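Please open the structure in your viewer and keep the sequence panel beside it, since this tour moves from one selection to the next. At each stop you will be told what to select and what is found there.

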Amino acid sequence: MSVAALVLSIIALVWGFALTWLKWPRIAVVIRQSAIINVPTIVSIVSMGSSAQSDGPPPTPATGTVEDEFTFVVLNQGAEATTVANIGIRSEDRSVNLNYERHRDVFDGPDLPARVEAHGCLVWTIRDEKLSPIPHGTAIVGYAQRFKPIRKYPKTKRNMLRTTETVITTHRNGGVR
């Protein structure tokens, strides 16, 4: 009987740790890159009864532009809500850094600090024209800083922010003009 009680208590202890891990807020950062192709429409003026159009050179098609657009997603994979304090993108070698605190106009989306509900996400978009400080072909890493929950605050000072970075880097292509 005592062996069954011991096994049952070990299972309950493991179950408690598993539930704590599932509820703990875990955020992930994902950057998706997409290309926006702007193709202007060709407007040709046709004059009825005029033979001048057939004598001249054929009309040249107008050229379009291709722009990068980055979608910055912060996912909360835990069962408790968390608050995102700051987001940003930087070059892989850390030479260029664009974060929300210093460059609010780069990120189109919710204002920070923002609450991410359990199993929820927040989305920002970054257009190509706002990424001029980052050179073309640069590897980009996204990061998010969230507030750590205040449990038992130690007597020593510690950083109250936890930084999470993207696992997969992306490159700024810059588009073709």
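Is tyrosine 100 buried or exposed? Select tyrosine 100: with a relative accessibility of 4%, it counts as buried, where buried means under 20% relative accessible area, exposed means over 50%, and partly exposed lies in between, with a 1.4 Å probe and protein chains only. Before going on, note that this is a predicted model, in which local features need pLDDT of at least 70 and side-chain atom pairs count only at pLDDT 80 or more, while totals for chains, interfaces and linings use all residues. Residues are numbered from 1 along each chain as its sequence is written, and side-chain values use heavy atoms, with hydrogens and water left out.

**The whole chain**

Show the whole chain as a cartoon, and you can find two helices and nine strands, which are DSSP runs numbered from the N terminus (helices are H or I with at least four residues, strands are E with at least two). Followed along the sequence, their pattern is α-β-α-β-β-β-β-β-β-β-β. The chain has 177 residues, of which 31% count as buried. Its accessible surface comes to about 11900 Å², and 60% of this belongs to carbon and sulfur atoms; such areas come from the Shrake-Rupley method with a 1.4 Å probe, and for residues only the protein chains shown count as cover.

**Strand S2 and its partners**

Next select residues 65-76, which make up strand S2. This strand is mostly covered, since nine of its 12 residues are buried. Add strand S1, residues 27-38, and you will see that S1 and S2 pair in the antiparallel sense over 12 bridges; two strands pair if DSSP finds at least two bridges between them. Strand S2 also pairs with S6 in the antiparallel sense, over seven bridges. To see both pairings from a single residue, pick phenylalanine 70, which is the bridge partner in S2 of glutamine 33 and has isoleucine 126 as its own bridge partner in S6.

**Aromatic rings**

Now display the side chains of Phe72, Tyr100, Phe107 and Trp124, which form one aromatic cluster. A pair of aromatic rings is described by the distance of the centres and the angle of the planes. Rings of Phe, Tyr and Trp (its six-membered ring) pair if their centres lie within 6.5 Å, and planes under 30 degrees apart count as stacked, over 60 as edge-to-face and the rest as tilted. By this rule the count comes to three aromatic pairs. In one of them, the ring centres of phenylalanine 72 and tryptophan 124 are 6.1 Å apart and the planes stand at 70°, so this pair is edge-to-face. Phenylalanine 72 lies in strand S2 and tryptophan 124 in strand S6 (residues 121-127), so the pair ties together parts that are 52 residues apart in sequence. Phenylalanine 72 is buried at 0% relative accessibility, and tryptophan 124 is buried with a relative accessible area of 0%. Another pair, tyrosine 100 and phenylalanine 107, is tilted, with 6.2 Å centre to centre and 50° between the planes. Phenylalanine 107 is buried, with a relative accessible area of 4%.

**Salt bridges**

How many salt bridges does the structure hold? It holds five, a salt bridge being a side-chain nitrogen of Lys or Arg within 4 Å of a carboxyl oxygen of Asp or Glu. Select glutamate 69 and arginine 127, whose closest N and O atoms are 3.7 Å apart in one such bridge. Glutamate 69 lies in strand S2 and arginine 127 in strand S6, so this pair ties together parts that are 58 residues apart in sequence. Glutamate 69 is buried, with a relative accessible area of 17%, whereas arginine 127 counts as partly exposed at 24% relative accessibility.

Then go to arginine 90 and glutamate 165, whose side chains meet in a salt bridge at 2.8 Å, N to O. Arginine 90 belongs to strand S3 (residues 82-91) and glutamate 165 to strand S8 (residues 161-165), so that the pair links distant parts of the chain, 75 residues apart. Add Arg94 to the selection, because Arg90, Arg94 and Glu165 are linked in a network of salt bridges.
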